[in-house]
Amino acid sequence: MNKVILSGNLTRDPEIRYTQSGKAVARTAIAVNRRFNRDTVDFFNLTAWEKEAEFCSRYLKKGSSVIVEGRVENNNYEGKDGVKHYSVEIQVEHFEFASSSRRQGGTTENESEAEPEADPPFDDNVPF
């Protein structure tokens, strides 16, 4: 099985193009902090196709906090000069927002500038 889930921030605006057959393809990249060493960041190239590409180009931008689900793909080839090139990219199957627009500094149409509601009180009687 080849499955990857990444949570991070986009490092550049998605760039959308269309194949000769009319399929949308968007490319961008994501920065992911390591779980136990926040000072270390891994960068991954992302490629999304069709509906996910359209979504990506319409709603995401550099700095967007996202969760990405997809598969890892190797793109190894030999150049015209005989040099081998190696790259790894994530073929995106699904994008999801990782934070609300309020956390990113904006508001939606239905939100006011009022203070957010407090979290409900903790109930010690909950069995978990």
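Exposed, as the word is used in this tour, means over 50% relative accessible area, buried means under 20%, and partly exposed covers what lies in between. The model on display is a predicted one, and the stops below should be taken with that in mind.

**The whole chain**

Begin with the entire protein in a cartoon view, where one helix and eight strands can be picked out. Traced from the N terminus, these elements follow the order β-β-β-β-α-β-β-β-β. If you colour the 128 residues by accessibility, those that count as buried make up 25% of them. A surface view exposes about 10000 Å², of which carbon and sulfur atoms supply 48%. Among the contacts between residues at least 6 apart in sequence, 52% join residues at least 24 apart.

**Strand β8 and its partners**

Next select strand β8, residues 88–97, together with strand β4, residues 41–49; the two pair in the parallel sense, over four bridges. To find a position within this pairing, show A48, which stands opposite V92 in β8. Keep β8 selected and add strand β5, residues 65–74, which runs antiparallel to β8 and is joined to it by nine bridges. Here R71 is a useful marker, since it stands opposite Q91 in β8.

**The two sides of helix α1**

Now move to helix α1, residues 50–59, and select E50, which is found within this helix. The phi angle of E50 is near 50 degrees, a positive value in a residue other than glycine. Most residues other than glycine have a negative phi. With a relative accessibility of 44%, E50 counts as partly exposed, because that value lies between the 20% and 50% limits.

Which residues of α1 are buried? Select E52, A53 and C56, which are the buried ones in this helix. These residues cover an arc of only 100 degrees around the axis, and therefore they lie on the same side of α1. Display what surrounds them, and the cover over the buried residues of α1 is seen to include β2 (15–18), β3 (24–33), β4 and β8. Then turn to the other side of α1 and select K51 and R58, both of which are exposed.

**The aromatic cluster**

For the last stop, show the aromatic side chains; a search of the whole structure finds two aromatic pairs. In the pair made by F55 and Y59, the ring centres are 5.3 Å apart and the planes stand at 45 degrees, so this pair is tilted. F55 and Y59 are four residues apart in helix α1, which means that about one helical turn separates them. By relative accessibility, F55 at 23% counts as partly exposed, and Y59 at 47% likewise counts as partly exposed.

Keep F55 selected and add F97: the centres of these two rings are 5.6 Å apart and their planes are at 65 degrees, so the pair is edge-to-face, the cut-off for that description being over 60 degrees. This pair links distant parts of the chain, with F55 in helix α1 and F97 in strand β8, 42 residues apart. F97 has a relative accessibility of 40% and counts as partly exposed.

With F55, Y59 and F97 shown together, the view holds one aromatic cluster, and the tour ends with that selection on the screen.

Terms used:
Residues numbered from 1 in each chain as written. Predicted model: local features only at pLDDT ≥ 70, side-chain atom pairs only at ≥ 80, totals over all residues. Heavy atoms only, no water. Buried < 20%, exposed > 50% of the residue type's maximum accessible area, 1.4 Å probe, protein only. Contact = heavy atoms within 4.5 Å. Areas by Shrake-Rupley, 256 points an atom, 1.4 Å probe, with all protein chains shown as cover. Pairing = 2+ DSSP bridges. Arc of directions from axis to C-beta. Phe/Tyr/Trp six-rings, centres within 6.5 Å; stacked < 30°, edge-to-face > 60°.
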